[in-house]
Amino acid sequence: MDFNPTMSAADRLQTEMAVDRMNKQLAVNGRKASQELGKDDFLKLLLTQLSHQDPTSPMDNNEFIAQMAQFSSLEQINNMSTSFSKMSALLNSSDAVNTIGKEVEINAGDTTVRGVVQAATRGANPQVQVNGMLYDMEKINAVYGN
C-alpha cells in the first residue's frame with residue numbers, strides 16, 4: 001500500500017480554512033481571539049515598554065504623558081460609544097411604544113401591511129405587533145394619527 005504524505009492544494013486550503021475557523025472559536029484564558037487591541041492590551045504594552053527600557057536612557061516624560069493621554073482619550077471614546085448605543089436603544093424603544101394604538105403602514109417584503117399597532121417590544125431592535133404579527137420598527141413606512 002502506497003502512502004502519499006502530500007496533500008493537494010485544494011485539500012490543504014480546505015484544511016487551513018477549517019483550522020482557522022476552529023481557532024477563531026477557541027477562547028484562551030477566557031478571552032476570545034480578536035484583531036482589535038483593547039485597554040488591557042494597551043496597558044500590557046505600556047508596562048512591558050517601561051519594564052524593558054534602558055535604565056541609562058529612560059523613556060522621555062513627554063512621550064510617557066502623551067501615551068497616557070492617548071489611553072485616557074481612547075477609554076473616554078469607548079465609554080461615549082457605549083452610552084450612545086444605550087441611548088439609541090432607548091430612543092428606538094420609545095418610538096415603538098409611541099406607535100401603540102396608531103395605524104401604521106408596514107413594508108413587508110413585496111406586500112404592504114396596514115393596521116393598528118397592538119403592542120411593542122423594547123430593546124436594541126424594537127418590534128411592533130400589527131394584525132397579530134411582529135414587524136421591525138424600520139419596516140414602518142408611515143404612522144397615521146387617530
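**Exercise 1. Which side chain meets that of Glu103 in a salt bridge, and what is the N to O distance?**

Before starting, note that this is a predicted model, in which local features need pLDDT of at least 70 and side-chain atom pairs count only at pLDDT 80 or more, while totals for chains, interfaces and linings use all residues. Residues are numbered from 1 along each chain as its sequence is written, and side-chain values use heavy atoms, with hydrogens and water left out.

Step 1. A salt bridge is taken here as a side-chain nitrogen of Lys or Arg within 4 Å of a carboxyl oxygen of Asp or Glu. By this rule, the side chain of Glu103 meets that of Arg114, at 2.6 Å from N to O.

Step 2. Place the two residues in the chain: Glu103 belongs to strand β3 (residues 103-108) and Arg114 to strand β4 (residues 111-120), eleven residues apart, so the pair links distant parts of the chain. Strands (E, at least two residues) and helices (H or I, at least four) are DSSP runs, numbered from the N terminus.

Step 3. Look for further partners: Glu105 also forms a salt bridge with Arg114, with the closest N and O atoms 3.9 Å apart. Shared partners thus join Glu103, Glu105 and Arg114 into one network, and the search of the whole structure finds two salt bridges.

Step 4. Consider accessibility, where buried means under 20% relative accessible area, exposed over 50%, and partly exposed in between (1.4 Å probe, protein chains only). Glu103 is partly exposed at 29%, as are Arg114 at 44% and Glu105 at 21%.

**Exercise 2. Determine the order of the strands in the open sheet, and find which ones stand at the edges.**

Step 1. Strands pair if DSSP finds at least two bridges between them. Five strands, in the order β6-β5-β4-β3-β7, form the open sheet, with antiparallel pairing.

Step 2. The edges are β6 (133-136) and β7 (140-144), and because each has a single partner strand, one side of each is left without a neighbour in the sheet.

Step 3. Examine one pairing: β3 and β7 run antiparallel and are joined by four bridges, and Glu105 has Ala142 as its bridge partner in β7.

**Exercise 3. Describe how helices α2 and α3 are arranged, and which residues make the contact.**

Step 1. The axes, which are lines fitted to C-alpha atoms over the stretch in contact, with angles running from 0 to 180 degrees between N-to-C directions, come within 11 Å for α2 (residues 39-51) and α3 and cross at roughly 170°.

Step 2. Since angles over 145 degrees count as roughly antiparallel, α2 and α3 are therefore roughly antiparallel to each other.

Step 3. The contact (heavy atoms within 4.5 Å) includes Phe42, Leu43 and Leu46 of α2, and Phe64, Met68 and Phe71 of α3.

**Exercise 4. Are Ser93 and Thr99 buried or exposed, and what do they touch?**

Step 1. Ser93, found in helix α3 (residues 61-98), is buried at 4% relative accessibility. Not counting residues up to four places away in sequence, Ser93 touches Arg122, Gly123 and Pro126.

Step 2. Thr99 lies in the loop between α3 and β3 and is buried at 5%. Leaving aside neighbours within four places in sequence, Thr99 is in contact with Val117, Val128, Met137 and Val143.

Methods
Angles under 35 degrees count as roughly parallel, over 145 as roughly antiparallel, 65 to 115 as roughly perpendicular and the rest as oblique.
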